[in-house]
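User: I would like a close look at the aromatic rings in this protein and at the parts around them. Please keep the sentences short.

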Amino acid sequence: TLTRFFALHAGVLPGLLIAVLVVHVALFRRHGITVKNPDRGPDQFFWPDQVLKDAVACLAVLLTIGGLAVWVGAELGAPANPAEAYSAARPEWYFLFLFQFLKFFHGEVGEILGAIVIPGLVMLVFFLMPLIGRSRLGHRLNIVVVTALIAGSAGLTWLAIREDYQARWVSADTFAEVEQALDKIDTELRRDKASSAYHGKSREEQLSLWAQGNSGSTEQLLASYQAYSQYNKSQEYLEAVEQAKAEGHRAQQLAAAGIPPGGALALLRTDPKTQGPKLFRKHCASCHDHVDSSGHGIREPRPLEYPIDETTGKPDLEATPVPNGAPNLYGFASRAWLKGFLNPKELGHVKQDKETFLVTDAPYFGNTVHREGEMVAWVGNNLSDLDEEQQAQLDQVVIALSAEAALPAQRQADEKSRESGDIEAGHTALVEEFACTDCHKFGDEDPEAGAPDLTGYGSRQWLIDFLSNPAHERFYEESNDRMPAFAAGEPDDPNNLLDRQSLELLVDWLRGDWTEQVR
């Protein structure tokens, strides 16, 4: 459809326009112009008088468009991808009135009325206006109809713009009452699960129950919720616009090196920086965070789970919470990440908010079954009270183990550490002083214990193998905690959760391994 409409607009319609103009000019030359008032002046020649006027008008249009092209520029976004939803799709501003008008119609019949029947009747009125306007009353009626249509179109255009940009103009504090009610409702749902009175009900029904139980105005709360819903839609629109701008800029960066045979869309489809966050949100964010030290990144709300009491059928709030979640993967295998991992205060740390029933932070093993495992116990027993020399050796272990990953961001630092001997010293300390190879395989050291292999830890191939099958004997053969195998079959196995290309894109993004600047 897009191809055919493009051909229609770029080839057929311009050709028809040229043909009609030729006929128009020919008739104009042959019959001249019938002026309304012959006494206004003598006739003028088409050449050069009328041609000069036309040329001046065309030159003004050309200069205007040329100036806009130079100083404003045309929007150049990312290549359109029909496989992905785009919540900020809008027509150009001069069609926004029709876009807004269609929102008043619902269902298949309503869409036909709003998109075809009513616009068709309006166009019919326009065709009949020359006949209607022959009388004085008809002329005035035409003016009223045109004025009403212009005013209505302007109003609908403003409504469309206001809905899209509401989040920029309205403070979030306006909806504090609604947000508070929704937070309380969600907290009760996380706490009581299916036994909650709010379970299985729509948001409107939940808020009605909330208002009744808290002596509030149901009508006022529901009206605020409708405005809050529109505010959230506006936020989604603005975020989608910003994301589209970022992807457009990224596509231009990548295109500087040339367009691949697969077309411009292949630039982003094979770009880890673009596809990595999308794959992470879809396949990993339900358990893992990807959040930096300032709190920016990908983090999904993770409920605090309790075991169900068989007698009451409700969560046992006196019991120990069930592990729910997995490590924060931001900077995985980097020096900073490993330093925190080998910190007794961080490895088993978990922050559970029992007021909101949410897990707010669990950077490493803090919210998995491994929080009570051998690694957490070993770190707590052996790395809690290190003297200055031992701490220096541990820092070398971190440097050496992180160098196994060969992260692009640490390439220069790893090279300096290799030249200074820190990596070699870290290898020695890992095997001898800290005896990590009693449980982990590392290089030629191959222990009986089944802890994950540290050879090439965090490298591209290590991560690909780990994500493919974390229950492999090299990793968590017997102690895997709900981590799915994303590609345990052959590379072309349709049962794999991730195909080979998606797996590699996700791994490259986690490692920060992409081309940042092509020029």
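Analyst: What follows starts with the rings and then moves on to other parts of the chain. Keep in mind that this is a predicted model.

Start with the whole structure. A search of it finds 22 aromatic pairs. One of them joins Phe341 and Phe365. Their ring centres are 5.3 Å apart. The planes meet at 75 degrees, and the pair is edge-to-face. This pair links distant parts of the chain. Phe341 sits in helix H11. Phe365 sits in the loop between strand E5 (358-361) and helix H13 (374-382). The two residues are 24 residues apart. Are they buried or exposed? Both Phe341 and Phe365 are buried.

Now take Phe466 and Phe475. The ring centres of Phe466 and Phe475 are 5.2 Å apart, with the planes at 85 degrees, so this pair is edge-to-face. Phe466 counts as buried because its relative accessibility is 14%. Phe475 has a relative accessibility of 1%, so Phe475 is buried as well. The cut-off for buried is under 20%.

These four residues belong to one aromatic cluster. The cluster also holds Phe332, Trp337, Tyr364, Tyr457, Trp462 and Tyr476.

Two of those cluster members lead to other residues. Follow Tyr457 to Ser402. Ser402 and Tyr457 are 55 residues apart in sequence. In space, their C-alpha atoms are 7.4 Å apart. Ser402 lies in helix H14 (residues 388-403). At 0% relative accessibility, Ser402 counts as buried. What does Ser402 touch, leaving aside residues up to four places away in sequence? The contacts are Ala333, Ser334, Arg335, Leu338 and Gln410. With Ala333 there is a further detail. The side chain of Ser402 reaches the backbone oxygen of Ala333 at 2.8 Å.

Next, follow Tyr364 to Pro327. Tyr364 is among the residues that Pro327 touches. The others are His288, Asp289, Ala362, Pro363 and Thr368, again not counting residues up to four places away in sequence. Pro327 lies in the loop between strand E3 (302-303) and helix H11 (335-341). Why does Pro327 count as buried? Its relative accessibility is 15%, and the cut-off is under 20%. Compare the position of Asp309. Pro327 and Asp309 are 18 residues apart in sequence. Their C-alpha atoms are 28 Å apart in space.

Now turn to another part, where helices meet. Helix H6 (residues 176-192) packs against helix H8 (residues 218-255). The angle is about 95 degrees, and the axes are 9 Å apart. H6 and H8 are therefore roughly perpendicular to each other. Which residues make the contact? From H6 come Glu177, Val178, Glu179 and Leu182. From H8 come Gln220, Leu221, Ser224, Tyr225 and Tyr228. By class, this contact has five nonpolar, two polar and two charged residues.

H6 and H8 also matter for helix H7 (residues 203-213): both are included in what covers the buried residues of H7. Those buried residues are Gln206, Leu207, Ser208, Trp210 and Ala211. Just after H7 comes Ser215, with a positive phi of about 55 degrees.

Note on methods. Residues numbered from 1 in each chain as written. Predicted model: local features only at pLDDT ≥ 70, side-chain atom pairs only at ≥ 80, totals over all residues. Heavy atoms only, no water. Helix = DSSP H or I, 4+ residues; strand = E, 2+ residues; numbered from the N terminus. Buried < 20%, exposed > 50% of the residue type's maximum accessible area, 1.4 Å probe, protein only. Contact = heavy atoms within 4.5 Å. Axes fitted to C-alpha atoms, helices over the stretch in contact; angles between N-to-C directions. Parallel < 35°, antiparallel > 145°, perpendicular 65-115°, else oblique. Nonpolar A, V, L, I, M, F, W, Y, C, P; charged D, E, K, R; others polar. Phe/Tyr/Trp six-rings, centres within 6.5 Å; stacked < 30°, edge-to-face > 60°. Polar contact = N/O pair within 3.5 Å; in protein donor to acceptor, adjacent residues only side chain to side chain.
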